[in-house]
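Open the model in your viewer and keep the sequence panel beside it. The tour moves from one selection to the next.

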Amino acid sequence: MQSRVVIVGTGTNVGKTHVAAALIRALVSRRRGVVVGKPVESGVTDEHASDSALLTDAAGAPQVGPLYSFAKPVSPHRAARKAGVVIDVGNIVLWVAALGGELAVIETAGGLHSPLSEIATNLELVRALEPTALILVGADRLGTLHDVRGCMLALGPLAARTVVVLSAPEQVDQSSGTNASELIGLGWTELAITFPRADQASAGTTLAARFLADGIEPWLPPPAPHDDLLPGVSRISPPPITLRTPQPS
Ligand SMILES: Nc1ncnc2c1ncn2[C@@H]1O[C@H](COP(=O)(O)OP(=O)(O)O)[C@@H](O)[C@H]1O
Ligand SMILES: [Mg+2]
């Protein structure tokens, strides 16, 4: 049975791929059977530098997809219309299922409300994918409180299995560094994790990705046992460190 972690954004260019790639690295180091995919991608001029390639690199797997790939750097529904293609949510669900694996990490294109077609946005796609866990990525800058709140309300019941991640923007502002704790203080999310402005290999990114993997772990089925361990030797996992809303005393 395939579990699904779906990465959505408050918008485009907020850090979805950056966070997804780091999370994939963290998950692959703990679990077997991690598969990755970006079913819809626009602005693909060099497939080796695409989001799809970055995700598969992180997983150490051969590149799969995207199912719908467009060169035009515009909203998927416009790129599809121009190409004479209709992006079909049902097809995407079948494509994701066909990736197999125990745990699929799927990055959506653009923001949660970005249109995929005349009748569907990423919100409809997310619902159809029936995610085990959702990661809502936004940039840690002014405006993100509004954007995250809007997305969480739209997600409805799925918000209960959503972790918010704020990725450090190139240009920080007065709100940067405060937004995660504000979101928790306002009661708009239970768990918010910030990613530093740093490359994939940095200790800060690796640590943030571990926190994120710990944050979604309770929703995931237990990892399949490692069959290469010696009999009688058990794996020791680091204790989960997560940032949660303090319970009222
Ligand atoms: N926390 C971060 N640290 C360093 N670079 C980042 C970070 N977040 C995003 N970026 C960079 O910003 C750009 C946009 O991020 P990306 O992950 O591609 O956004 P999205 O997938 O939401 O469109 C990329 O060049 C990415 O490497
Ligand atoms: Mg991306």
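**Stop one: the ligand**

This is a predicted model. Select ligand 1 and show what surrounds it: there are 13 residues around ligand 1, and Gly 15, Lys 16, Thr 17, His 18 and Ser 167 come nearest. Colour this shell by class, and you should find four nonpolar, seven polar and two charged residues. Which helix gives the most to the shell? H1 does, with three residues.

**Stop two: strand E1**

Next, select residues 3-9, which form strand E1. Six of the seven residues of E1 are buried, so this strand is largely enclosed by the rest of the structure. Now add the strands that pair with E1. E5 runs parallel to E1, and five bridges join them. To find a matching pair of positions, select Val 5, which stands opposite Val 105 in E5. Then select residues 133-139, strand E6, which also pairs with E1 in the parallel sense, over five bridges. Here Gly 9 stands opposite Val 137 in E6.

**Stop three: helix H2**

Select residues 51-59, helix H2, and pick out Ser 52, Leu 54, Leu 55, Thr 56, Ala 58 and Ala 59: these are buried. What do the buried residues of H2 pack against? Show helix H1 (16-30) and the strands E2 (34-37), E3 (40-41) and E5 (103-107), since those are the elements they pack against. E5 is the strand already seen joined to E1 by five bridges. Finish at Gly 60, just after H2, where phi is positive, at about 70 degrees.

Terms used. Residues are numbered from 1 along each chain as its sequence is written. Chains are lettered from A and ligands numbered from 1 in the order in which they are written. This is a predicted model: local features need pLDDT of at least 70, side-chain atom pairs count only at pLDDT 80 or more; totals for chains, interfaces and linings use all residues. A residue is buried if 20 or more other C-beta atoms lie within 10 Å of its own, exposed if 12 or fewer, and partly exposed in between; C-beta atoms are placed from the backbone. Helices (H or I, at least four residues) and strands (E, at least two) are DSSP runs, numbered from the N terminus. Two residues are in contact if their C-beta atoms, placed from the backbone, lie within 7 Å. A residue is near a molecule or strand if its C-beta atom, placed from the backbone, lies within 6 Å of it. Ala, Val, Leu, Ile, Met, Phe, Trp, Tyr, Cys and Pro count as nonpolar, Asp, Glu, Lys and Arg as charged, and the others, Gly among them, as polar. Two strands pair if DSSP finds at least two bridges between them.
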